Amino acid sequence: MYGLIHVALNEMIVNNYSQECWQEIVERSGVPSDSFMRMNSYDDSVTFALVGATSEVLGAPINSCLEAFGEFWMIDFAPQSYDSLLLSAGDDLLTFLENLDLLHDRISTTFVGFVPPSFGVQRLENGKAILNYTSARKGLVPFVQGLLKGMQKRFDVELIIEEVEMLDSDIGDKARFHVTLINH
C-alpha cells in the first residue's frame, strides 16, 4: 500500500487521541520511520503492522479499527486531497459507488503499480442494492464497511448493511454487501 494510507492513519490517531498515542503505535508496530512517504509503495505487511499495533494500543478489535479508519478516510482524509475527484464521482451514494472504479482509474495515473479494489453495484427495488467488492488484498472488508458509513454521512442518507456475504476467492477478498438505502 502507499504511504498515503500510513499518513492518513497517523492523522486519524493524532486527531482523535494524541501524538503520544501515535508514537506508541509506531514503536509497537516496528515500522521504520521512513514508511510515511505519501507516494511511496510499501509492502502490505507494513500497513497491517500499523493496524495491528493500533488495535493493541487502543484496546479495540482490528475490525473495529479498520472500520473507523474507513469512515475517517471518506469523511476527513480523502476530501483533503481528492475532493474534486470525489465530487466528480457522483452526487448520490449509489452513483458514487457505481463510479468508484472510474475514480480509481483516474487515481492510478498518480500511483505506480496501483492495484485498487473493484466495486460493482446492482440496484434492486425499494432502495435495496447489492454492492460487490473484490480486492487482491485480504482483510479489508471492515475498512469498506467504514467507507460505507462515511459515504452515508457524505450524502446525508441512511445505509443499512443487511448482510455481508463473503465469497470464495483464490487471492484477496470478495464480498457481497446487501444494503438498503433510505433517503432523508
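**Exercise 1. Find which helix holds Q152, and work out what its side chain reaches.**

Solution. Begin with the secondary structure: Q152 is placed in helix α7, where helices (H or I, at least four residues) and strands (E, at least two) are DSSP runs numbered from the N terminus. Next, follow the side chain of Q152, which reaches the backbone nitrogen of L159 at 2.7 Å; a polar contact is a pair of N or O atoms within 3.5 Å, and within protein one must be able to donate a hydrogen and the other to accept it, while residues adjacent in sequence count only if both atoms are side-chain atoms. Finally, list the contacts (heavy atoms within 4.5 Å): leaving aside residues up to four places away in sequence, Q152 touches L93, V157, E158 and L159.

Two points apply throughout. This is a predicted model, in which local features need pLDDT of at least 70 and side-chain atom pairs count only at pLDDT 80 or more, whereas totals for chains, interfaces and linings use all residues. Residues are numbered from 1 along each chain as its sequence is written, and side-chain values use heavy atoms, with hydrogens and water left out.

**Exercise 2. Decide whether M151 is buried or exposed, and place M151 in the nonpolar core.**

Solution. First, M151 lies in helix α7, which spans residues 141-154. Its relative accessible area is 2%, so M151 is buried (under 20%; exposed is over 50% and partly exposed in between, with a 1.4 Å probe and protein chains only). Then look at its partners: outside the residues up to four places away in sequence, M151 touches M74, L93, F96, L97 and L100. The C-alpha atoms of M151 and D92 are separated by 9.2 Å, although these residues stand 59 residues apart along the chain.

For the last step, a nonpolar core is a set of buried Ala, Val, Leu, Ile, Met, Phe, Trp, Tyr and Cys residues joined through side-chain atoms within 4.5 Å. The largest such core has 55 residues, of which F69, W73, L93, M151 and F177 touch the most other members. Helix α4 (residues 62-88) gives the most to this core, with 10 residues.

**Exercise 3. Determine which residues F69 touches and which residues line the largest cavity.**

Solution. Start from F69, which touches I5, A8, L9, M12 and F143 when residues up to four places away in sequence are not counted. Now take the cavity, defined on a 1 Å grid over the protein atoms alone as a set of points where a 1.4 Å probe fits but cannot get out, with lining residues having an atom within 4 Å of a point. The largest cavity has a volume of about 40 Å³, a volume being the space filled by probe spheres set on the points, which are joined across faces, edges and corners. Its lining consists of L9, M12, V51, T54, C65, L66 and F69, and α4 supplies the largest share, three residues. By class, six of the lining residues are nonpolar, one is polar and none is charged; Ala, Val, Leu, Ile, Met, Phe, Trp, Tyr, Cys and Pro count as nonpolar, Asp, Glu, Lys and Arg as charged, and the others, Gly among them, as polar.

**Exercise 4. Establish how buried A175 is, and what A175 touches.**

Solution. A175 lies in strand β4, residues 173-183. With a relative accessible area of 1%, A175 is buried. Its contacts beyond four places in sequence are L131, N132, Y133, V141, V164, E165, M166 and L167.

Notes: On a 1 Å grid over the protein atoms alone, a cavity is a set of points where a 1.4 Å probe fits but cannot get out, and a pocket is an open set with protein on both sides within 12 Å along at least five of seven lines; lining residues have an atom within 4 Å of a point.
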